[in-house]
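Here is a short report on one protein model and its ligand. Please keep the sequence and the 3D view open while you read.

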Amino acid sequence: LVGPTLLGVDDLVAGYGAEPVLHGISLQVKRGEMVALLGANGAGKSTLMRTLSGLHRSVSGGLHLDGNSLEHKPAEAVVGLGLVLVPEGRQVFSELTVLDNIRLGAFLHPDNIDARVEEMLTRFPRLRERLHQRAGLLSGGEQQMLAVARGLMAKPRILLLDEPSLGLAPKVIAELFAALDQLRQENMTILLVDQMAALALALADRAYVIEGGRVVAQGTAAEIAANDDLAKAYLGGH
Ligand code: ATP
């Protein structure tokens, strides 16, 4: 059930000083697709995710979401257009309760909020058990589920996930990826960065490999997973 291009990135250049980190990235995510973004540490994956989200300014290149230009739009406007980032390191509000964290995700769309919170608690039952605890007391896996739930409350048309498995135990990662698989089956459009490349490729429809701020390979997830050179470079140990 993959549709036309939802997110288009065209020759995107971005960096932090004079020297670019992204040297002209082009990629597309189609409606209903899950696309994995792979690459070693420092390849520029987080910079790309932050630039797409309006948290970091690009130097040049095109960015569009369903025909709307995202270039130089502030982060809140980008969320309003339906591109929602679940950032690396989860970044939940640790002093607030789980419930308040979930509700905060709906700040642009407060309609029907109780029913939508309920939907998140059905999706992530662990969060229901901890609803009135401070988010800072949750385990890493629970915080990641909370971060995803908060992101979903923003009514994403595309969800960007930056390293959701980072620092989590294998059992917790399996639980989290099951939830991502569920979202995929519901036709949520997802761009996923994860070091667990084999797991990401098992879920994704397509993948891009980034090295030194450039796309060095792209293909179906099966093609990327079957490529021996890429497997050696990026899939080793996972
Ligand atoms: P990781 O998996 O380690 O997060 P990544 O692929 O996400 O890697 P980025 O975090 O985007 O890579 O980093 C790409 C390059 O940009 C690195 O050389 C990094 O040192 C540099 N960089 C990242 N953030 C900043 C910043 N705020 N200021 C200056 N340089 C930065």
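The sections below cover the ligand site, the sheet, one helix and a few single residues.

## Ligand site

The model is predicted. In it, 13 residues surround the ligand. The closest are Gly42, Gly44, Lys45, Ser46 and Thr47.

Three polar approaches stand out for inspection. A backbone N or O atom of Gly42 sits 2.8 Å from an oxygen atom of the ligand. For Ala43, a backbone N or O atom lies 3.1 Å from a ligand oxygen atom. Tyr16 uses its side chain: a polar atom there is 3.3 Å from a nitrogen atom of the ligand.

## Thr47 and its surroundings

Thr47 belongs to helix H1. Is Thr47 buried or exposed? Its relative accessible area is 6%. The cut-off for buried is under 20%, so Thr47 counts as buried.

The side chains of Thr47 and Tyr16 share a polar contact of 2.7 Å. Tyr16 thus has two links to follow on screen: one to Thr47 and one to the ligand. Setting aside neighbours within four places in sequence, Thr47 is in contact with Tyr16, Val21, Leu22 and His56.

## The four-stranded sheet

Four strands make an open sheet, in the order E2-E1-E4-E5. Their pairing is antiparallel. Strand E2 (20-30) and strand E5 (68-69) are the edges, and each pairs on one side only. Strands of a sheet pair through backbone hydrogen bonds.

E5 is joined to strand E4 (residues 60-65) by two bridges, and these strands run antiparallel. Across this pair, His64 stands opposite Ser69 in E5. Helix H1 (residues 45-52) lies across strand E1 (5-15), E2 and E4. H1 runs at about 65 degrees to E2.

## Helix H6

What span should helix H6 have at 1.5 Å a residue? H6 has 14 residues (residues 140-153), so 20 Å is expected. Its end C-alpha atoms are 20 Å apart, which agrees.

H6 is mostly covered, with 13 of its 14 residues buried. An α-helix has 3.6 residues a turn, so residues three or four places apart point the same way.

## Two positive phi values

Just after H6 comes Lys155, with a positive phi of about 55 degrees. Lys155 is in the loop between H6 and strand E7 (158-162). Its relative accessible area is 35%. Buried requires under 20% and exposed over 50%, so Lys155 is partly exposed.

Glu163 also has a phi near 55 degrees, a positive value in a residue other than glycine. Glu163 lies in the loop between E7 and helix H7 (170-185). Glu163 has 5% relative accessibility and therefore counts as buried.

## Thr189

Where is Thr189 found? Thr189 is in strand E8 (residues 189-193). It has a relative accessible area of 3%, so it is buried.

Which residues is Thr189 in contact with, leaving aside its neighbours within four places in sequence? One stretch of the list is Val29, Lys30, Arg31, Gly32 and Glu33. Another is Arg157, Ile158 and Leu159. Leu6 completes the list.

Definitions and conventions. Residues are numbered from 1 along each chain as its sequence is written. This is a predicted model: local features need pLDDT of at least 70, side-chain atom pairs count only at pLDDT 80 or more; totals for chains, interfaces and linings use all residues. Side-chain values use heavy atoms; hydrogens and water are left out. The expected span of a helix is 1.5 Å times one less than its number of residues. Buried means under 20% relative accessible area, exposed over 50%, partly exposed in between (1.4 Å probe, protein chains only). Two strands pair if DSSP finds at least two bridges between them. Contact means heavy atoms within 4.5 Å. Axes are lines fitted to C-alpha atoms, for helices over the stretch in contact, and angles run from 0 to 180 degrees between N-to-C directions. A residue is near a molecule or strand if one of its heavy atoms lies within 4 Å of it. A polar contact is a pair of N or O atoms within 3.5 Å; within protein, one must be able to donate a hydrogen and the other to accept it, and residues adjacent in sequence count only if both atoms are side-chain atoms.
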